[in-house]
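Here are some notes on the model, set out point by point for checking against the coordinates. Please read them with the structure open alongside.

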Amino acid sequence: PALLRSRPLLLHMLSAMVAGLGWFILPVHIVKHAEDLGLSDSQRSGLVSCIGLGLVLGRVPMAILADWSGRRIRTFSLVTALLGLANLGVAFIESFEGLLC
């Protein structure tokens, strides 16, 4: 189909896939990382809860910021890049408190 030969659509699909990696890798692997650090079951489940809460509560202010600035794509790109940097930083954090930040 002609739709799948559309360069803008293909770029959007590729960027959504790459961005999705940053949005979903941390929640999937944080429990194993916390286990490797020796954190308790309750601390590990608390981390997952905090990540979920942060993802849910962070969407509203980011949407307001994106609407206010008029630059939705740039805001999404910035937030995704910051999330990627945060994901990289998790590898160097060795405490429960640090992982919560």
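**Notes on the predicted model**

1. Helix H2 is made up of 29 residues, and its first and last C-alpha atoms lie 41 Å apart, close to the 42 Å expected at 1.5 Å a residue. The model is a predicted one, and the values in these notes should be read with that in mind.

2. Within H2 there is a kink of about 30 degrees at arginine 59, shortly before proline 61. Beyond the helix comes glycine 70, which follows H2 and has a positive phi, near 80 degrees.

3. Which residues of H2 are buried? They are Arg44, Gly46, Leu47, Ile51 and Ala66, and the elements that cover the buried residues of this helix include H1, H3 and helix H4, which spans 96-100. Isoleucine 51 can be followed further: when residues up to four places away in sequence are not counted, isoleucine 51 touches Leu26, Pro27 and Ile30.

4. The largest nonpolar core has nine residues, namely Leu26, Ile30, Ala34, Leu39, Leu47, Ile51, Val90, Phe96 and Leu99. At least two residues of this core come from each of H1, H2 and H4, and H1 gives the most, with three residues. Leu47 and Ile51 belong to this core and are also among the buried residues of H2.

5. Three salt bridges are present in the structure, and they are taken in turn here and in the next two points. Aspartate 36 pairs with lysine 32, with 3.2 Å between the closest N and O atoms. Because these two residues are four residues apart in helix H1 (residues 7-36), about one helical turn separates them. Aspartate 36 is exposed, since its relative accessible area is 54%, whereas lysine 32, at 48%, is partly exposed.

6. The salt bridge between arginine 44 and aspartate 41 has its closest N and O atoms 2.1 Å apart, a value that a reviewer may wish to inspect in the coordinates. Both residues lie in helix H2 (residues 41-69), three residues apart, so that they are separated by about one helical turn. Is arginine 44 buried or exposed? Arginine 44 is buried, because its relative accessible area is 15% and the limit for a buried residue is under 20%; aspartate 41, by contrast, is exposed at 57%.

7. The remaining pair consists of arginine 72 and aspartate 67, whose side chains meet in a salt bridge at 2.8 Å, N to O. Arginine 72 is exposed, with a relative accessible area of 58%, while aspartate 67 is partly exposed at 46%. As general background to these pairs, side chains of opposite charge can pair when their charged atoms come close.

8. Helix H3 offers two residues that can be set side by side. Threonine 75 is found in this helix and counts as buried because its relative accessibility is 10%; leaving aside neighbours within four places in sequence, threonine 75 is in contact with Met62, Leu65, Ala66 and Ser69. Leucine 88 also lies in H3, which covers residues 72-90, but leucine 88 counts as exposed because its relative accessibility is 58%. The C-alpha atoms of leucine 88 and leucine 26 are 9.5 Å from each other, although the two residues are 62 residues apart along the chain.

Methods:
Residues are numbered from 1 along each chain as its sequence is written. This is a predicted model: local features need pLDDT of at least 70, side-chain atom pairs count only at pLDDT 80 or more; totals for chains, interfaces and linings use all residues. Side-chain values use heavy atoms; hydrogens and water are left out. Buried means under 20% relative accessible area, exposed over 50%, partly exposed in between (1.4 Å probe, protein chains only). A salt bridge is a side-chain nitrogen of Lys or Arg within 4 Å of a carboxyl oxygen of Asp or Glu. The expected span of a helix is 1.5 Å times one less than its number of residues. The bend at a residue is the angle between axes fitted to the seven residues ending there and the seven starting there. Contact means heavy atoms within 4.5 Å. A nonpolar core is a set of buried Ala, Val, Leu, Ile, Met, Phe, Trp, Tyr and Cys residues joined through side-chain atoms within 4.5 Å.
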